[in-house]
Structure formats: structure tokens, C-alpha cells
Amino acid sequence: MTTLYLFGSAAPPVFEMVQVIEDARARGWDVCLGLTPMAARWLGEQLPELERLTGHPVRSEYKLPGEPDVWPPADAILFAPATFNTVNTWALGLTSSFVVGVVAEGIGKRIPTVTMPCVNAAYVQHPAFDRSVETLRGAGVTVLYGPGGFVPNQPGERRPEGFPWRLALDAVGAIVSPTS
């Protein structure tokens, strides 16, 4: 089975991970879920269910030196939702968080990676954000942002159609075809 590392940061769409995992598995992916520390805190009560769904431990921290890796190697990575902080931290190569460390290293390992930001229209006015998106795109990351991807909403606003998870899963499937 083809392995998808599904990573999420602390934005409201992270609460939809059960459905996203079910959809990814239905598409033929073996899913390993990684979360930023705050996203793991948000999903604290759901973590046992998420582990049951994936069949793998949910990770939000680096393993200790000498500990075995509990996940199979990634065939592809989908990082969604990716917050303003996550996108900028990743583009700068700051790897204090496990999931950002994996995707930063994934660039060098040439692991096909897709990300979809979840940011509001106020955050994207900061000049660092566009530079970060361009840095990641220049490094080979498929960034689903702007027309055809995630379009920022106003602060505090939620779209009635929700976060475009299908678009994110379609994009990663177009790069690497999952097999069962």
C-alpha cells in the first residue's frame, strides 16, 4: 500500500481529520497522521480514534535518538491545514516541530509534497507569507493557494462550502497514485 503522511496544524479544518482519513483510505492510501503540538492538543480526545482509523500512532513530537521509526516511509505528504505560522516556519527551515521537520527534510529527500494553507485575509497581507509560498513552490512543493486552491476568507469567517479537502486529496493523488 502507498503511504501518505497527512499532517495538520491548528486551524478549524483539523477537526475534520476523521473524514479526511476515511476518504484517503478509500482512495487507497495507508495514512500516517502527524500534527503540530497545538493541533494534537486540539484533537486530544480524538487521538485514540485517529490511531485506530490509521493503524499507526499519531505523532506530534520527534522520536528519541535510537528509537525505531513507527511509521513506514512516506510515498507522499499532504500538509493541510497549514497555518500562517506553519507555512512561514517551513519556508524558513525552522524545524522545532516534528511535522515541519519532516516536510523540510522531505524537500531534500524529494518526497512529493502538497500543502494547502488555511489563512485569513488579514494574515496574508503580511509580506512574509507570499515570500514563503514562493519559497516552497520554488523548492518543488505543490502549494494549493490562490485561484484553484485555498482562497483566504475574512478573519473569523467560515465558508459554507468548508475547507476544500477533496481538492487537496486529488492533488496529492495526481502526483502519486495510491495503490491498495
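The legends below describe a predicted model of one protein chain, beginning with the whole chain and continuing with closer views.

**View 1. The whole chain, with its seven helices and five strands.** Read along the sequence, these elements follow the pattern β-α-β-α-α-β-α-α-β-α-β-α. Along its principal axes the C-alpha trace spans about 40 × 35 × 30 Å. For a chain of 180 residues, a compact globule would have a radius of gyration near 16 Å, and because the value computed for this chain is 15 Å, the two agree. Among the contacts in the chain with a separation of 6 or more, 78% are made by residues that stand 24 or more positions apart in the sequence.

**View 2. The surface and the interior of the chain.** Of the 180 residues in the chain, 50% are buried, where a residue is called buried if its relative accessible area is under 20%. The accessible surface of the chain amounts to about 8,700 Å², and carbon and sulfur atoms contribute 54% of this area. Counting charged side chains gives 13 positive and 17 negative ones, and the centres of these two sets are 4 Å apart.

**View 3. The open sheet of five strands.** The strands of this sheet lie in the order 2-1-3-4-5, and their pairing is parallel. At the edges are strand 2, which covers residues 29–35, and strand 5, which covers residues 142–143, and each of these edge strands pairs on one side only.

**View 4. The pairing of strand 4 with strand 5.** These two strands run parallel and are joined by two bridges. In one of the pairings between residues, V114 has T142 in strand 5 as its bridge partner.

**View 5. Helix 4, residues 84–92, and its surroundings.** Is this helix largely enclosed or largely open to the outside? Seven of its nine residues are buried, and therefore helix 4 is largely enclosed by the rest of the structure. The buried residues are F84, T86, V87, N88, T89, W90 and A91. Which elements do the buried residues of helix 4 pack against? They pack against two strands, namely strand 3 (76–82) and strand 4 (113–117), and against two helices, namely helix 5 (98–109) and helix 6 (127–138).

**View 6. The residue that follows helix 4.** After helix 4 comes G93, and the phi angle of G93 is positive, with a value near 75°.

Key: Residues are numbered from 1 along each chain as its sequence is written. This is a predicted model: local features need pLDDT of at least 70, side-chain atom pairs count only at pLDDT 80 or more; totals for chains, interfaces and linings use all residues. Side-chain values use heavy atoms; hydrogens and water are left out. Helices (H or I, at least four residues) and strands (E, at least two) are DSSP runs, numbered from the N terminus. The radius of gyration is taken over C-alpha atoms; the globule rule is 2.2 Å times the number of residues to the power 0.38. Buried means under 20% relative accessible area, exposed over 50%, partly exposed in between (1.4 Å probe, protein chains only). Contact means heavy atoms within 4.5 Å. Accessible areas come from the Shrake-Rupley method with a 1.4 Å probe; for residues, only the protein chains shown count as cover. Lys and Arg count as positive and Asp and Glu as negative; His and the chain ends are not counted. The place of a charge is taken as NZ of Lys, CZ of Arg, CG of Asp or CD of Glu. Two strands pair if DSSP finds at least two bridges between them.
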